[in-house]
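Here are my notes on the charged side chains. Please read them with the coordinates open.

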Amino acid sequence: MRLSVFHPVSSLIYFAAVLIATMFCFSPAIQICSVVGALLELFMLESKREFFRNLRFTVVVWLAVAVTNPLFSHKGVTPLFFINGRAFTLEALLYGVMLGGSLSAVIMWFKVFSKVFDRERLLYIFGRKTPKLALIITMTRGFVPKLKAQYRRICDGRKCSGTYMSESRIERLKASCGIFTALCSSTLESAVQTGMSMKARGFGTGKRSFAHSFKFRFGDGVFLFVCILLFSAAMIYSGTGKLRADFYPRIAVSSEPLPMLCFAVLCAIPFILEVKESLKWKFCLAKI
Amino acid sequence: MEILSCEDLSFKYNGEEKPALDGCSFSVNSGEIILLCGKSGSGKSTLLKLLKRELSPAGEKKGRIFLFGGEQDRLSDREGAEMIGFVMQNPDDQTVCDKVSAELCFGLESLGVSSGEILARVGEMVGFFGIEPLYDRDISTLSGGQKQLVNLCSVMVSGARLLLLDEPTAQLDPVAAKDFLHILHRLNDELGLTVIIAEHNPDDIFSSCDRVLYMEKGRTEFFGEPSKAAEYFSSHGLAEFLPAAAKIFSGISDSLPLDVRAAKLKLEKGFKPDMTVSDSESPSGEIVLKAENLWQRYEKNEPDILKGVDISVRKGECLALLGSNGAGKSTLLKALCGAEKCYMGKITLFGKKLSSYKNGSLFRNNTAVLPQDPYAMFAKESVAEELRENASEEQIKAVAGRLDIEELLERHPYDLSGGEIQNCAFAKILLSKPKLILLDECTKGMDGFRRKELGEILGELKGEGVTLMLVTHDLEFAAKYCDRCALFFDGKIVSEDNSRQFFAKNNFYTTAAARSTKGFFADTVTPEQVREKLLAQRGADDE
């Protein structure tokens, strides 16, 4: 099983665990594990081009934060150089590096989230308890392309009939207003029709249900158990100060190998699963 | 078993003087297909909407409706939604969701059915319709015909036993319309579904329906089997409601054939073959629009839509551009008036290069285009206000009289039916006094009578020296009213001829009249031309 096959609730809990650890455990080891884990997973999920674009983006965000922090924070004991009489300190720089790592890790994990959580999963999470919200999501997503198509049709219609074509700016502004009003009225009109169609199909007769369902399998249980175990280990260690970093005024990093390993494994799970599946696939193909 | 009956049903819209329905009485048995005929505004839509309580318009209703053996009011909301399915004209307006899968589940979700049952029933129905390939697609990427199939399927998923369809194929091309009607027949044959369908184009459904219900001015004037209906229409001057095969023999023979097969048999039995070819004129007159070697594509990496189109239209003629859906006919039309750019090729209009018309001067008293969606041309509160944009009161009056739209002038554009808005859009175009008119699917949503009126107006315009070019799916219309036809295929014009020769030459892509007389008469392509020959033979026999 890979991450996108698990039950939406298990994958949601997984993402929550990783994000909470990344945001609240302030330690370089955690940030590095998190970024690397997310990038490895993205490497498996995305095309090469997309991946390298993401990688570039991450590096830029990281560097930007790292360089900006010392410009505003002048704490620390090791000045590297002075700008306008203010110190650019090593501690502040490293603190920036940490902060940047944390930020880019969160961004990357959200990228993974959007890849894994397709529309059905999202609707399942929100739709089961509040089917109305699910309906709003799906209606909005259906409405936007309709509106675009209608806009094109109206523009074409107006352009071809040539009624509003003119050199003067005021005339052109008038033309745009015309298109806008036409778009509004046609949208309202078709909304009435859509409403009728919804009513005709029983909308509002009773409580709505939700069609999509996912099975919570044995694998989900194992996955969740492992995730929660690793997560709580990392959190407990972090709470007791075994994974922490102080930057001001002096750098003091304590990262013990065991808690670090716990978190590293947690972040690497999607990648490990992905590799396992692709190996299995290759193996199966070879047999076929 | 009786599934539906109306007793003396009358209906008046709020604020209207005339009743929309005036004493309709009829009953429908379970498992029948009923074809609902009538001119635009005869009350077909009103009747269908009254039968579906959720869609009933506001107004004053008299008389009684019985559904499934009880009065309509006794059906619960849930039963009403479940058992009566309704499909409307515009495929876009009916869809609610973003994905086909969500759309199909919508009805059952609204009724609160459990997840497992929803998926099972959707799976079953998708299999029956054969639309598995569409299941995961976004609705916005489907064609009109596919959308309409999804709409029908989503209604059927809820377990409809009575299906009401209000001109479901009016916005579809003929091939998609045929597919849609085919599925309807299968639903009727294999599931015993009762169907009531209002349709403009009788050709595909007239012979295969069980009974025809004809409405006029809100009254049910005729209700009976298709063969009787054909006789009724033929004897009451309503030939426009007849399928082409029956039109040929209307007034010539007593029993009317309803499809091409029957028409062929009847010809062979009672008439002599005649392969003399009528004279044809070769086109003359100055060339108004000329395009050479046009190449166009929308995006850099997409395939070409136009691949070297050559076309020319002469002054005062009417050229029909035919071809299958999505072939690029509309793109060509847009390219010809400069709304879409070509990356290669040359277009000349009235002897001047297209690019020399700047800032819309092409459209000032020169060229006009009627777009596929005529509603797009209207942005004002009323039709008259829109027309006043570029014309005086007197001009509007004259054009309105000509197109028979005086009554519609004060109405809001969106309150008009598909056929009516076409006429209003056409009026708007005529007011700009164009010398060349390009029309995109101008007969869509029109009934036979409106089509005939439009055809006659096109004829008059030609007489005034206006040049016409239309993109259409409507082969019967092209055969009757256009001088030349061109077939657009694979990004090129592959054949071009006088209408008569064009349709006589084709075997399948041709009119019902031409198919009925293939190998019997040389070049009769409209019912009128066949009738002429038949009447001539009759005359000769009598002497």
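1. First, a term. A residue is buried under 20% relative accessible area, exposed over 50%, and partly exposed in between. A:Lys276 has a relative accessible area of 40%, so this lysine is partly exposed. Keep in mind throughout that the model is predicted.

2. A:Lys276 has a salt-bridge partner. Its side chain meets that of A:Glu277, at 3.8 Å from N to O. The glutamate sits on the other side of the 20% cut-off: with a relative accessible area of 14%, A:Glu277 is buried. So this salt bridge joins a partly exposed lysine to a buried glutamate.

3. How many salt bridges does a search of the whole structure find? Over all chains, the count is 41. The points below take up some examples.

4. Chain B offers a pair with both residues buried: B:Lys52 and B:Glu54. They form a salt bridge, and their closest N and O atoms lie 3.9 Å apart.

5. Next, B:Arg53. Its side chain forms a salt bridge with that of B:Asp77, with 3.6 Å between N and O. This pair links distant parts of the chain, 24 residues apart. B:Arg53 belongs to the loop between helix 1 (44-51) and strand 4 (59-67) of chain B, while B:Asp77 belongs to helix 2 (residues 77-83) of chain B. Is B:Arg53 buried or partly exposed? Its relative accessibility is 25%, so it counts as partly exposed.

6. One salt-bridge network involves both chains. A:Arg119, A:Glu120 and A:Arg141 are linked in it with B:Asp98.

7. Now the surface patches. Which residues gather in a patch of positive charge? They are A:Arg49, A:Arg53, A:Arg56 and A:Lys111. Helix 3 (residues 48-72) of chain A gives the largest share, three residues. A:Arg53 is found in that helix. Patch members need over 30% relative accessible area and no salt bridge. A:Arg53, at 46%, is partly exposed.

8. There is a negative surface patch too. B:Asp404, B:Glu406, B:Glu407, B:Glu453 and B:Glu456 form it. Where is B:Asp404 found? It lies in the loop between helix 13 (393-403) and helix 14 (418-431) of chain B. Its relative accessible area is 47%, so B:Asp404 is partly exposed.

Definitions and conventions:
Residues are numbered from 1 along each chain as its sequence is written. Chains are lettered from A and ligands numbered from 1 in the order in which they are written. This is a predicted model: local features need pLDDT of at least 70, side-chain atom pairs count only at pLDDT 80 or more; totals for chains, interfaces and linings use all residues. Side-chain values use heavy atoms; hydrogens and water are left out. Patches are made of residues with over 30% relative accessible area and no salt bridge: like charges are joined within 9 Å, nonpolar side chains (Val, Leu, Ile, Met, Phe, Trp, Tyr) within 5 Å. Accessible areas come from the Shrake-Rupley method with a 1.4 Å probe; for residues, only the protein chains shown count as cover. A salt bridge is a side-chain nitrogen of Lys or Arg within 4 Å of a carboxyl oxygen of Asp or Glu. Lys and Arg count as positive and Asp and Glu as negative; His and the chain ends are not counted. The place of a charge is taken as NZ of Lys, CZ of Arg, CG of Asp or CD of Glu. Helices (H or I, at least four residues) and strands (E, at least two) are DSSP runs, numbered from the N terminus. Buried means under 20% relative accessible area, exposed over 50%, partly exposed in between (1.4 Å probe, protein chains only).
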